[in-house]
Every structure is written in structure tokens, then in C-alpha cells.
Amino acid sequence: MANKGRTIILSIHQPRYSIYRLFDSLTLLVNGKQVYHGPAQRALEYFSDIGYTCEAHNNPADFFLDVINGDSTAVTLNNLEGEDADSQKDAESTSMSRKGIEDRLVEEYRNCQYYQKTKDDLERIAQGKQKTKGSRFRTITYNTSFLTQFKWVLKRTFRNLMLNPQTSVAQIVVTLFLALVVGALFFDVQLDDSGIQNRTGALFFIVVNQCFSSLSAAELFITERKLFVHEYISGYYRLSVYFLSKILSDIITLRTIPAIVFTCVAYYMIGLKPTPGAFFTFMITVAMVAYTATSMAMAISADQTVVAIANIYMTITCVFMMIFAGLLVNLPSIVSWLAWLKYLSIPRYGLSALQANEFTGLNFCQGNSSRPTLEAGCTGEYFLEIQGVDYSTWGLWQNHLALGIMTICFLTIAYLKLRFIKKFT
């Protein structure tokens with residue numbers, strides 16, 4: 001590959017002499033400062049001229065590392081060989097600090113012929129090149145198209161999920177368990193006064209469960225932060241490619257499938273409205289709540305470096321949103337200067353949509369002979385009006401529209417945070 005014009009970069013740790021003698025040129029650095037650059041076979045002669053002689057059976061590579069790192073043994077041995085030198089100079093050399101050795105190596109190199117030759121070569125290369133004024137920004141170039149990058153990054157993301165299925169399987173198992181628990185607790189709700197309370201409690205629990213189960217998305221960008229920064233600044237893929245791949249993999253495997261499983265198990269165990277339209281509306285609403293909560297978790301954690309800190313922020317946010325969901329407090333009774341906070345509550349939109357989907361068309365006096373079945377207070381619409389829920393067709397779907405808008409806003413925030421996090425050191 002090298003003979004065909006490719007540039008090969010590799011790392012050799014502690015090369016033995018048979019490998020070292022194959023080197024054509026050698027460059028030695030100390031804390032980013034150049035102390036030698038020239039022919040590799042002349043390096044021992046150069047260090048001998050400045051007072052550091054390699055022992056007969058010592059590996060040159062190890063010897064150079066000892067000298068430039070200020071190894072006391074190498075310095076002492078070389079000082080002892082110059083016994084006839086001035087004793088004060090020997091004492092100063094023996095007690096020379098590592099910083100002093102570095103300064104000396106740098107100074108000796110700048111006074112040698114190799115430094116002047118390297119300087120002349122660089123000046124010759126720089127001749128004729130237009131100098132740029134002002135600061136130069138780091139630009140990242142890509143050798144492949146957006147679709148090619150998206151194909152391979154998405155393939156890698158799903159392959160990682162398949163090779164490490166613990167998270168996906170655990171999410172589905174926990175979702176199935178919670179669906180069975182909710183179905184058993186609220187099993188076969190009736191059309192009476194208890195049915196109103198049980199339906200409301202079940203729907204509220206489902207919405208809150210979707211919000212808190214989506215907090216696992218907090219580690220989506222945190223665990224791979226270093227890998228993402230390395231690959232992004234290396235020009236492997238665009239930020240948009242990585243962002244879309246992560247979102248699709250998380251939404252399909254950890255949000256959509258669990259929402260479908262939960263709906264199929266819990267819906268008919270609870271005994272909610274047995275119509276296909278109500279069933280699929282319920283499923284869409286549960287999925288939308290999961291999407292919005294997931295996007296919120298991404299927006300909060302995108303610029304965080306510790307998962308625990310991100311979880312604290314998201315837990316506080318979810319608990320605060322629960323207050324304005326419509327169950328713990330009657331929303332129409334909230335004072336006007338706090339009422340606007342309900343528009344920022346994800347559980348409120350989810351619970352309102354599920355209630356409008358479930359309670360419309362139901363009569364809760366059928367199981368209570370002491371109350372006439374035609375009484376206005378028996379209808380589900382009457383209960384929704386008390387709760388301040390708009391049960392019209394637009395009132396139902398405006399909740400989904402609000403969840404969609406919140407999802408887009410949160411994802412935009414997450415993307416911008418990833419865009420502007422510090423990537424270059």
C-alpha cells in the first residue's frame with residue numbers, strides 16, 4: 001500500500017534494535033518541543049557530541065527515551081565518563097533537574113546543523129504559498145455522501161443493539177410486567193361511579209409510566225460522547241447522520257415496540273372502550289407520550305457528562321409536570337398567573353387525549369339503580385367538562401399536535417446542544 005502512494009501511520013511501542021535500524025529519519029519531542037530531527041543512524045553520534053553516550057549493548061530507542069525523559073541513571077553514567085571535566089560542572093550536571101535537561105536538549109538542537117537544514121526546508125516549502133490573515137477555523141470534510149454515512153451508521157447502531165440486547169429485552173419485559181399489573185389492578189372496570197375513578201387512575205398511571213420509562217434515553221448521548229466526538233472531528237460522519245441514527249434506533253426498539261406491547265395487553269384487561277378506533281387512538285397517544293418524553297430526556301442530557309446528574313434534572317421536570325396533568329389538581333381552578341404552566345406538561349396532553357378518547361359516549365349510571373340513566377351527570381362528557389377537557393374531535397387531536405410540536409422543539413434543542421458542545425481541544 002505504501003509503494004502505491006498511500007500514507008501509512010502506525011505506532012511501534014519500544015522497538016527493538018532490528019526494527020530501529022530500519023528507520024530513515026528520527027524525530028524526538030519533549031513536551032511538544034523538538035530536540036532532534038534528522039537521520040536515524042546519526043542520532044547516536046549527535047547525542048554523543050552533546051554529552052550523552054549510549055552504552056555498548058543498550059537499545060538506542062530506550063537510550064533516547066531515557067535521555068529526553070531525564071532518567072537519572074543515563075545522566076549519571078554519562079557524567080561519570082567525563083571525570084576529567086571540571087568538578088563544579090559535573091556537580092551541576094548531576095543535580096540538573098528534568099526541566100534543565102529539556103532546556104539543554106532544545107538549546108543544543110537549535111544550534112546544530114540538522115535544525116538549520118530543517119528550517120531551510122520548511123522555508124522553501126512555504127515559499128510561494130499565500131499567507132492567510134486572521135484566525136483559521138477548523139473545518140471538517142467528508143469523503144462520502146449523507147446517504148452512505150446514514151446507511152452505515154444506522155447499520156452499526158442496530159447491530160450494536162442486536163449484539164447487546166439486554167436493554168431492549170429488559171424494556172419490553174418491564175413493559176409487559178407493568179401492563180399485567182395495571183390490567184390486574186383495574187381489571188374489567190364497570191360503568192358506575194367506581195368506573196370513573198378507576199378509568200382516570202389507570203389512564204394517569206399509564207401516562208406517568210410512559211414518561212418515567214423514557215428517562216432511559218438520558219444515557220443515549222452520554223455513554224458514547226467520547227466516541228462520537230472522536231469520529232465526528234475525524235470526518236467519519238455528519239452530526240445529522242449520528243443524530244438521526246440514534247433517534248430512529250431508540251424510537252423503534254425502545255419506544256414504539258413497548259408502546260404496542262403495553263396497549264395490546266393492558267387495554268382489554270382493563271376493559272376500556274371496545275372499538276377499533278378507540279384502541280388505535282389509545283396506542284398512538286401512548287406512543288406519542290413516549291416520543292415526547294424521550295425527546296425531552298435527550299434535550300436535557302445532550303450536553304451532560306454524568307448520567308446521574310441528567311436523571312436528577314429529568315426526574316424533577318417529570319414530577320413538576322405531573323402536578324399539572326389534571327388529576328392531582330383541577331386545572332380550571334388554578335390561579336391565572338400559574339395556569340400557563342399546564343401548557344408545558346407532557347402528562348397533561350397525554351391524559352387529556354386518553355380521557356377524551358375513553359369517556360366520550362359512556363354512561364356511568366347503568367350500574368347504579370338509584371340514579372336515572374338519563375341524568376346529565378351520568379355521561380362521560382359531563383365528567384370531562386368538570387375536568388376542563390375538550391372532548392371534541394379537534395380537542396382530542398390538538399393534544400397530539402401539541403405533543404408533536406414539543407417533540408420537535410426538544411429534538412431541536414438536543415441537536416443544537418450536540419452541535420455546540422466542545423469538540424476540539
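In this predicted model, Arg104 and Glu108 both belong to helix H6 (residues 98-110), and because they are 4 residues apart in that helix, about one helical turn separates them. Their side chains meet in a salt bridge, with a distance of 4.0 Å from N to O. Side chains of opposite charge can pair when their charged atoms come close. Arg104 counts as partly exposed, since its relative accessibility is 27%. Glu108 is likewise partly exposed, at 29% relative accessibility.

**Salt bridges**

In total, the structure holds 8 salt bridges. Three of them are set out in the table below, including the pair already described.

| Pair | Closest N to O distance |
|---|---|
| Arg104 and Glu108 | 4.0 Å |
| Arg124 and Asp121 | 3.1 Å |
| Arg156 and Glu231 | 2.9 Å |

The pair Arg124 and Asp121 lies in helix H7 (residues 113-126), where the two residues are 3 places apart, or about one turn of the helix. Arg124 is exposed, because its relative accessible area is 51% and exposed means over 50%. Asp121, at 22% relative accessibility, counts as partly exposed. These two residues also belong to a network of salt bridges that links Lys117, Asp121 and Arg124.

Which parts of the chain does the salt bridge between Arg156 and Glu231 tie together? Arg156 lies in helix H8 (residues 146-163) and Glu231 in helix H12 (residues 225-233), so this pair ties together parts that are 75 residues apart in sequence. Is Glu231 buried or exposed? Glu231 is buried, because its relative accessible area is 8% and buried means under 20%. Its partner Arg156, by contrast, counts as partly exposed at 30% relative accessibility.

**Nonpolar cores**

The largest nonpolar core has 80 residues. Phe221, Phe228, Ile270, Phe282 and Ile346 are the residues with the most contacts inside this core. Helix H14 (residues 276-301) supplies the largest share of the core, namely 14 residues. One of the residues with the most contacts, Phe221, touches Tyr242, Phe243, Lys246, Met298, Ala302 and Leu418, when residues up to four places away in sequence are not counted. A second core, separate from the largest one, consists of 23 residues and includes Leu28, Ala40, Phe63 and Ile68.

**Annotated transmembrane regions**

An unreviewed UniProt entry lists residues 169-189, 201-222, 243-270, 276-300, 312-340 and 400-418 under "transmembrane region". Two of these spans may be described in further detail. Residues 201-222 are 77% helix and 0% strand, and the C-alpha atoms at the two ends of the span lie 35 Å apart. Residues 243-270 are 100% helix and 0% strand, with 38 Å between the end C-alpha atoms.

**Ile413 and Ser295**

Ile413 is located in helix H19 (residues 393-420). At 39% relative accessibility, Ile413 counts as partly exposed. How far apart are the C-alpha atoms of Ile413 and Ser295? They are separated by 9.2 Å, although the two residues are 118 residues apart along the chain.

Key
Residues are numbered from 1 along each chain as its sequence is written. This is a predicted model: local features need pLDDT of at least 70, side-chain atom pairs count only at pLDDT 80 or more; totals for chains, interfaces and linings use all residues. Side-chain values use heavy atoms; hydrogens and water are left out. UniProt positions are given in the numbering used here, feature names are shortened, and annotations may be inferred rather than shown by experiment. A nonpolar core is a set of buried Ala, Val, Leu, Ile, Met, Phe, Trp, Tyr and Cys residues joined through side-chain atoms within 4.5 Å. Buried means under 20% relative accessible area, exposed over 50%, partly exposed in between (1.4 Å probe, protein chains only). Contact means heavy atoms within 4.5 Å.
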